[in-house]
Amino acid sequence: MNLTLKVWRQKTPDDKGRMVKYLVQDVSPDMSFLEMLDVLNERLILEGDDPIAFDHDCREGICGMCGMVINGVAHGEQRATTTCQLHMRHFEDGATVTIEPWRAAPFPVVKDLVVDRSAFDRIIQAGGFVSVPAGSAPDAHAVPVKKDDADAAFDAATCIGCGACVAACPNGSASLFTAAKITHLGLLPQGQPERDSRAKAMVDQMDLEGFGGCTNTGECTAVCPKGIPLDTIAQMNRDYLKA
Amino acid sequence: MNFTVGEPLIDTKAPEGPIEDRWDKRRFAAKLVNPANKRKLNVIVIGTGLAGGSAAATLGELGYNVTSFCYQDTPRRAHSIAAQGGINAAKNYRGDGDSVHRLFYDTVKGGDFRARESNVYRLAQVSANIIDQAVAQGVPFAREYGGLLDTRSFGGAQVSRTFYARGQTGQQLLLGAYQALERQIAAGTVAMHTRHEMLDLIVADGRARGVIVRDMVTGEIERHLADAVVLASGGYGNVFFLSTNAKGCNTTAIWRAHRRGAMFANPCYTQIHPTCIPVSGEYQSKLTLMSESLRNDGRVWVPLRKGDDRPAGDIPDDERDYYLERIYPAFGNLVPRDIASRAAKNVCDEGRGVGPGGLGVYLDFRDAIGRLGRDAVEQKYGNLFEMYERITGEDPYSQPMRIYPAVHYTMGGLWVDYDLQSTIPGLFVIGEANFSDHGANRLGASALMQGLADGYFVLPTTIGDYLADGPYGEVDEGAVAEAEIAVRGRIARLLSVNGTRTADSYHRELGKLMWDYCGMERTEESLRKALERIPELRAEFWQNVKVSGEADELNQALERAGRVADFFDLAELMCLDALHRTESCGGHFRAESQDADGEALRDDENFAYVAAWQFQPEGGPVLHKEKLDYDYVKMSQRSYK
Amino acid sequence: MAVTGAVLVLYLVAHVVGNLKIFYGAEAFNDYAHWLRHVGEPAVPARTVLTLVEVVLAVSVILHMWSAVTLTRRASKARPVKYAARRKTQASGYAVHTMRYGGVVILLFIIWHLLDLTFATVNPAGPAGLPYDRLVQGFAPERWPVTLFYVVALVMLGLHLRHGVWSAFQTLGLANGRSYRPLKIVAVGLSLVLVLGFLSVPVAIAIGVIK
Ligand SMILES: Cc1cc2nc3c(=O)[nH]c(=O)nc-3n(C[C@H](O)[C@H](O)[C@H](O)COP(=O)(O)OP(=O)(O)OC[C@H]3O[C@@H](n4cnc5c(N)ncnc54)[C@H](O)[C@@H]3O)c2cc1C
Ligand code: HEM
Ligand code: HEM
Ligand code: SF4
Ligand code: F3S
Ligand code: FES
């Protein structure tokens, strides 16, 4: 199949940037979206052009490194799917595909489709952990954990830190990401001692980074590749108000 | 390529005495660092995977001044995140007869008697602490209704000792380490540099004293100095281009260290994982693993008859060959990886493979779904099934998965002693980047265990013994400048070739060559061919590669080209190692050395050693042999029948 | 936001109940309006309670607007660049995306409404008229544009609450996965009841059921 791509090109963080049109031919439906870009990039390199810079690593939907806004939707329209897991069989022959970077002030564009998501790390630094020096832990069976709690904590813990939630949120809020971590640790007995201070510190850091406030529009969950549910945000608000 | 044989290598740090006491003995003998001094001691850690992340966090916690690097945009994305199946630990929570000794035994045997007994025993001892540590950090392991931790069994073991978090164990463990690391970053004990790639090691006065890194955003070449350097840069499976590793996984960090004097041990030991999604086309950029845990409930088969192209569901049971269950009745579908992989290759070579090109076998859940119900199967493997469906567009609930072996893990790596120190004083190597614990084949769920054992428990103790004699003073400027100039020179050279092929296209060709000639099955002839072809291809690369863009910007074409260049050199050493080891063992199968049943035939008389290769600029590498002794596990022919 | 919104919602519930008294006839309604001003007497002077309610309302509206403006400004700071491709909403619900301009419409409505029925400066019955007359004359059939404006504003209000009520529970952390469905049903139900309740009065007058 053949496609027309409109891709955001921006050489440096200060560059103004623009959309550039490319034609790609003979795309196989079994290719992944990133493999389609690889093919285009190899061509660009041989033509002496700058290949389109994009982040990726695992290419199996777990590292959270990839991410682009495809036709206006973070990670593309297929639900619960990262960009690297998106396959070309979901596109129509002859279609025009618009590709843009995550857009949010706390995620400045580094180059082309690559953005700086270090704000997420700083949110975790603020309190997204349990303080336990290596070697000081009690036996793993010392505290049983209800299966339901463990499962719910796991569901929240599957967040891959990709940032799609921020990219999709009309307010540029990082609530879903932050809430996922607060919920994960807050549901486990091991996370209790620091629960209140964690919620407060992480939410404050989120605001400090310049993310917007949540007005519960739910766009974030809809694009989240791991389906992190909205109730994590309610949990975060609860913990935050309590703290 | 020629090589010479040098002096035998001896691990001077390995303690003597009863194996149970050796780690305690070493810990007690290790010098301690005065707490006030720790802040003055700088340690560089390359890599933030399970090994590097846990090490940096723990060293920071202990009070050292740590500088940490990774090539991704955040430490949480290290390739450990992709590990699916689980992590072993000798907890014996099930009371099914597990013990430190049994885990030790299984690992030595699984490694086909090519691992060190002392190291493996320590690994088994420490394994239990890892689970405690992870649980305390909030890692949400799978639990049973009673609230206790659940476990499952994995290839190569008859007890259920694998702890897991659905199909995302690596992710959850890495997030635990990452969170601990971020905590130290916030506390100021660890300075984190993301999007920085190590391109050379600084060795001054015979000690590792720092690294040269490239800021991958600005292209700036930076020098970072320290009293010790820890490499935790992961495995080099991407030498095959197609592997289950992340796209960025590379050999550059350890290869550069090798060129500076660190010996490279057992480079030819690669693990081919039996359950991966088969290749679908030329453009394919990587292969995806389907966790080994699937073999717990999935049954592997191919049609009995050659060229049977009926849909799987139409083939009646008596025309199916459940070949693993047939050949290995004791372990059945749970034989170790090397054995399962080769069996798959054999049935495909017989023309009984399924799917495009006949390169695939079925992994069938029909019976499991019948026995446990669809919900239970979904609960256990839901995310893996989903992943399969995404990639292939086929529904594994209604038709069997197609799988084929793919390169997955590299047992070889930089040589280290019992203290995890390489042959360069002050250079420590942990995780998949070293060679230490798995011998010629790694058991499933043991890499996570080793990475975390190294990072949380072993290295933080042993590195203290080295640092107690520090700080090591000013670093010789000449050595730093030399390394920096070398790095700049290489980058300039890559950019100046301006040829007609991309680095990726060379990488693809090299990978295919390695897979064909140094893959699942190796022969003297294939290896000689590879050794002839690799230098030619490398020469062509350096004359004809095209790297667009500039040095001083984010330049992904340049990053890849640098990595491919190092893969060429490594590939050559791998083939040489494979050629010199004329026996078969674990992941290294030499067609010339097999028994009547086609199983790997070891040659303990001549090859019970670690092959440690020393780099020489001219005249080929020098082989140093470290003899392996087995006092606690009797060497025997591995049998899973 | 959620707290002030909740206060406003509570007021609206009381208000709609009061309004419906008009169906009991002019007297009942006028008495009710009178009662509003004299409740609590003689313990407290006339209009104390009403003034209190008015103050709380005024403060709530102002705070509510202030938070809305702050949130909107933070949002536009956090998302300075728009996507080139038309954004398709991935979450369900149209109501969600009408909150801001819907709020503005409601604000305009409240201003008009106060001028119309409380101060009666724009009402044909004038400030001197009885509440009942103000209503009946205000929504007289020939004043259909006013009635239409009421209808539009009330529909916006309905949409605002359809999302707002549920959203407030979420913001206060009172919701969880299991309560989403019931809460959303409550939100829809409450907005419908309020809108229909409010609408019944002007519509009834406009079509001449109440004269
Ligand atoms: C798909 C898959 C599934 C697996 N499943 C399991 C399993 O179920 N159980 C199990 O036990 N094992 C499993 N393994 C193996 C296991 O995941 C790895 O062996 C292990 O995680 C390696 O950890 P590490 O810390 O050594 O390296 P990695 O996690 O690979 O980390 C390498 C780090 O080094 C950094 N780095 C690399 N090169 C450079 C450089 N030049 N400069 C700067 N930084 C650099 C990277 O940024 C990264 O942070 C699996 C592996 C794969 C590929
Ligand atoms: C003065 C005019 C008003 C404006 C400008 C306004 C604006 C807003 C905005 C911008 C939001 C939330 C953000 C969003 O979800 O997009 C909001 C939420 C809300 N509004 Fe209003 N509004 C107004 C009047 C009202 C009235 C009269 C009520 C109730 C009677 C009300 C009830 C609510 C509720 C309950 C919420 C949800 C709060 C939350 O999620 O925390 N609003 N309003
Ligand atoms: C069509 C439906 C409505 C009718 C018929 C109606 C009627 C009235 C009347 C008659 C009064 C004057 C009461 C008095 O001064 O005695 C009044 C006051 C008021 N109404 Fe409404 N109203 C309607 C809808 C609304 C809505 C939707 C809102 C808010 C969003 C609202 C907010 C107010 C306020 C704030 C006052 C002033 C209260 C005070 O002064 O104490 N009304 N309304
Ligand atoms: S919450 Fe979902 S969308 Fe947001 S970072 Fe995590 S995985 Fe990505
Ligand atoms: S999309 Fe944004 S508004 Fe809240 S519910 Fe999600 S963070
Ligand atoms: S590349 Fe890792 S999630 Fe897409």
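# Buried ion pairs and ligand shells

B:Arg209 is buried, with a relative accessible area of 5% (buried means under 20%, exposed over 50% and partly exposed in between, with a 1.4 Å probe and protein chains only). The model is predicted: local features need pLDDT of at least 70 and side-chain atom pairs pLDDT 80 or more, while totals for chains, interfaces and linings use all residues. Side-chain values use heavy atoms, without hydrogens and water; residues are numbered from 1 along each chain as its sequence is written, and chains are lettered from A and ligands numbered from 1 in the order written.

## Salt bridges

The side chain of B:Arg209 meets that of B:Asp227 in a salt bridge, with 3.7 Å from N to O (a side-chain nitrogen of Lys or Arg within 4 Å of a carboxyl oxygen of Asp or Glu). B:Arg209 belongs to strand β9 (residues 207-215) of chain B, whereas B:Asp227 is in the loop between β10 (221-225) and β11 (228-231), so the pair ties together parts that are 18 residues apart in sequence. Helices (H or I, at least four residues) and strands (E, at least two) are DSSP runs numbered from the N terminus. B:Asp227 is itself buried, at a relative accessible area of 4%.

A second ion pair of chain B joins B:Arg195 to B:Asp73, with the closest N and O atoms 4.0 Å apart. B:Arg195 lies in the loop between β7 (190-193) and β8 (196-204), and B:Asp73 in the loop between β3 (65-69) and β4 (87-88), so this pair ties together parts that are 122 residues apart in sequence. B:Arg195 has a relative accessible area of 10% and is buried; B:Asp73, at 5%, is buried as well.

In chain A, a salt bridge links A:Lys147 with A:Asp151, and the closest N and O atoms are 3.2 Å apart. Both residues are part of helix α3 (residues 147-157) of chain A, where they are 4 residues apart, about one turn of the helix. A:Lys147 is buried, with a relative accessible area of 14%.

Over all chains, the structure holds 82 salt bridges. One network of salt bridges links B:Arg299, B:Asp317, B:Arg320, B:Glu325, B:Asp364, B:Arg366 and B:Asp367.

## Buried segments of chain B

Helix α7 (residues 252-259) of chain B is largely enclosed by the rest of the structure, because 7 of its 8 residues are buried. The buried residues of α7(B) are B:Thr252, B:Ala253, B:Ile254, B:Trp255, B:Arg256, B:Ala257 and B:His258. Just after this helix, B:Gly261 adopts a positive phi of about 125°.

Two other positions in chain B are also described here. B:Ala406 is found in strand β17 (residues 401-410) and counts as buried at 2% relative accessibility. Its C-alpha atom is separated by 22 Å from that of B:Glu583, which is 177 residues apart from B:Ala406 along the chain. B:His438 occupies the loop between β19 (427-429) and α12 (447-467) of chain B and is buried, with 3% relative accessibility.

## Chain C and ligand 3

Chain C contains 7 helices and 0 strands. Its C-alpha atoms fill a box of roughly 55 × 45 × 35 Å along the principal axes. Of its 211 residues, 39% are buried.

Ligand 3 has 20 residues around it, and those that come nearest are C:His15, C:Asn19, C:Arg37, C:Glu54 and C:His113 (a residue is near if one of its heavy atoms lies within 4 Å). An oxygen atom of ligand 3 is 2.8 Å from an N or O atom in the side chain of C:Glu54, and a polar side-chain atom of C:Arg37 lies 2.9 Å from an oxygen atom of the ligand. For C:Asn19, an N or O atom of the side chain is 3.5 Å from a nitrogen atom of ligand 3.

Helices α1 (2-20), α3 (48-78), α4, α6 (144-171) and α7 (180-206) of chain C each supply at least two residues of this shell. The largest share, 6 residues, comes from α4(C). Helix α4 of chain C spans residues 99-118 and includes C:Leu114, which is partly exposed with a relative accessible area of 34%.

## Ligands 4 and 5

Ligand 4 is surrounded by 13 residues, the closest being A:Cys159, A:Cys162, A:Gly163, A:Cys165 and A:Cys224. Helices α4 (164-168) and α5 (175-186) of chain A each contribute at least two residues to this shell. The residues surrounding ligand 5 include A:Cys169, A:Cys214, A:Glu219, A:Cys220 and A:Leu230.

The table gives the shell compositions. Ala, Val, Leu, Ile, Met, Phe, Trp, Tyr, Cys and Pro count as nonpolar, Asp, Glu, Lys and Arg as charged, and the others, Gly among them, as polar.

| Shell | Nonpolar | Polar | Charged |
|---|---|---|---|
| Ligand 3 | 14 residues | 4 residues | 2 residues |
| Ligand 4 | 11 residues | 2 residues | no residues |
| Ligand 5 | 4 residues | 7 residues | 1 residue |

Conventions: Polar contact = N/O pair within 3.5 Å; in protein donor to acceptor, adjacent residues only side chain to side chain.
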